[in-house]
Number of protein chains: 2
Amino acid sequence: MPDPIVFCGGVAGAWNVVRQTAERGAPLESVARVDKSTRPAADAVWVLAGVTSNLRYTHSTEKRVLDATPSVLGRPSARRAALIPITKSAAWWALAQDERRAVLEEQSRHIAIGSEYLAAISRQLVHCRDQPGAIFDFLTWFEFAATDEVLFDELLAKLRASAEWRFVEREVDIRLEKAA
Amino acid sequence: MPDPIVFCGGVAGAWNVVRQTAERGAPLESVARVDKSTRPAADAVWVLAGVTSNLRYTHSTEKRVLDATPSVLGRPSARRAALIPITKSAAWWALAQDERRAVLEEQSRHIAIGSEYLAAISRQLVHCRDQPGAIFDFLTWFEFAATDEVLFDELLAKLRASAEWRFVEREVDIRLEKAA
């Protein structure tokens with residue numbers, strides 16, 4: 001079943017904000033901390049809510065690779081995290097399924113590139129485009145050890161250079177460090 | 001953008017219920033009328049809410065066929081309608097994208113069968129699986145002239161006999177007639 005995931009930016013939360021960058025499009029209001037839970041906090045500066053959902057592009061051969069190295073969240077060693085909310089363009093959403101798949105994987109190798117980093121970078125994809133009042137399409141969440149942030153930056157650089165990213169019209173990169 | 005669509009069952013609404021059948025799984029409480037709008041009614045017996053969304057399986061060649069005969073809702077001649085809420089099994093949602101596509105189209109010809117009826121049967125697919133508290137995955141809506149209900153029944157019979165329908169675990173068929 002789809003699970004609700006809620007990110008709250010504000011003065012409280014399990015993650016300290018190290019850096020918050022508007023990569024493309026409008027920034028999000030700067031906050032000191034981010035919390036990840038299943039319900040909105042009353043005192044949040046911003047609330048980004050969505051759900052985990054079924055796979056939208058991954059083929060069965062690719063799914064077998066992903067399933068062999070499942071993303072584990074909350075590892076004690078994962079002291080760093082990134083929340084990267086993304087909005088794609090109307091042109092992206094108007095494409096047929098096979099056209100979006102072709103850009104995402106055959107042209108951009110999104111799934112293949114991500115698979116190379118499975119062991120070091122845990123991740124969770126939260127869908128929010130279909131949620132009432134959503135201002136992003138996806139909330140992408142990543143956890144990793146501090147020493148693996150360089151790998152995460154490498155992964156991001158590859159994706160941002162891809163054909164798929166021509167359809168990204170808003171992207172905020174929020175880097176986090178576990179509080180306490 | 002995704003548009004919110006809300007179906008309310010109760011004593012008020014633009015559509016009189018002619019017949020309400022639990023095809024598979026639990027029934028929905030019987031109501032006299034159904035209303036289709038964008039917000040819940042306070043006095044509704046049940047509220048089913050979702051959003052229109054992007055195509056999930058349709059390929060570009062199929063999209064061209066669909067785009068050539070766009071579904072027009074609210075035609076004066078369309079005095080009949082059907083609301084068919086559907087839930088698919090956990091096994092369906094656990095499949096990879098190419099596996100779901102293969103069942104839906106290569107095995108079941110869902111898009112091709114639907115395309116044969118475009119001129120007579122207007123339809124709208126409302127997604128709700130990813131909505132908080134949703135009890136169905138989809139709310140499928142159809143409008144047609146009274147004389148075309150036989151075509152609609154033929155379309156439904158073909159889909160219900162397909163491989164895809166082995167994954168349908170709940171289906172309620174609500175037939176409607178325009179009130180006044």
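The legends below describe close-up views of a predicted model with chains A and B.

**View 1. The fold of chain A, with its helices and strands in sequence order.** Chain A of this predicted model contains five helices and eight strands, and along the sequence these elements follow the pattern β-β-β-β-α-β-α-α-α-β-β-α-β. Taken along the principal axes, the C-alpha atoms of chain A fill a box of roughly 45 × 35 × 30 Å. The radius of gyration of chain A is 16 Å, which agrees with the value near 16 Å that a compact globule of 180 residues would have. Of the 180 residues in chain A, 32% are buried, and among the contacts in chain A with a separation of 6 or more, 77% join residues that are 24 or more positions apart.

**View 2. The two copies and the axis that relates them.** A turn of 180°, with a shift of 0.0 Å along the axis, lays chain A on chain B with an RMSD of 0.0 Å. The two copies are thus related as by a two-fold rotation axis. In chain A, the C-alpha nearest this axis belongs to Gln131(A), and it lies 3.4 Å from the axis.

**View 3. The contact between chain A and chain B.** The contact draws 21 residues from chain A and 21 residues from chain B. On the side of chain A that touches chain B, α1 (60-68) and α3 each supply at least two residues, and α3(A) gives the most, with three residues. By residue class, this side of chain A divides into eight nonpolar, seven polar and six charged residues. Because 100% of the interface residues of chain A are also interface residues in chain B, the copies meet through the same surface.

**View 4. Helix α5 of chain B and its buried face.** Helix α5 of chain B, formed by residues 149-160, has twelve residues and reaches 16 Å from its first C-alpha to its last, close to the 16 Å expected at 1.5 Å a residue. Within α5(B), the residues Glu149(B), Phe152(B) and Leu155(B) are buried. Seen down the axis of α5(B), the buried residues fall within an arc of 115°, so they line one face of the helix. An α-helix has 3.6 residues a turn, so residues three or four places apart point the same way. The buried residues of α5(B) pack against three elements of chain B, namely β5 (80-88), α4 (110-115) and β7 (138-144). On the face of α5(B) turned away from the buried side, the exposed residues are Val150(B) and Ala157(B).

**View 5. Arg109 in chain A, a residue with positive phi.** Arg109(A) is found in the loop between α3 (97-107) and α4 (110-115) of chain A. Phi of Arg109(A) is near 55°, a positive value in a residue other than glycine. With 17 other C-beta atoms within 10 Å, Arg109(A) is partly exposed, since a buried residue would need 20 or more and an exposed residue would have 12 or fewer.

**View 6. Arg109 in chain B, in the loop between α3 and α4.** In chain B, Arg109(B) lies in the loop that runs between α3 (97-107) and α4. Although Arg109(B) is not a glycine, its phi is positive, at about 55°. Arg109(B) is partly exposed, with 17 other C-beta atoms within 10 Å.

Definitions and conventions. Residues are numbered from 1 along each chain as its sequence is written. Chains are lettered from A and ligands numbered from 1 in the order in which they are written. This is a predicted model: local features need pLDDT of at least 70, side-chain atom pairs count only at pLDDT 80 or more; totals for chains, interfaces and linings use all residues. Helices (H or I, at least four residues) and strands (E, at least two) are DSSP runs, numbered from the N terminus. The expected span of a helix is 1.5 Å times one less than its number of residues. The arc is that of the directions from the helix axis to the C-beta atoms. Two residues are in contact if their C-beta atoms, placed from the backbone, lie within 7 Å. Copies are superposed by least squares on the C-alpha atoms of residues with pLDDT of at least 70 in both. Ala, Val, Leu, Ile, Met, Phe, Trp, Tyr, Cys and Pro count as nonpolar, Asp, Glu, Lys and Arg as charged, and the others, Gly among them, as polar. The radius of gyration is taken over C-alpha atoms; the globule rule is 2.2 Å times the number of residues to the power 0.38.
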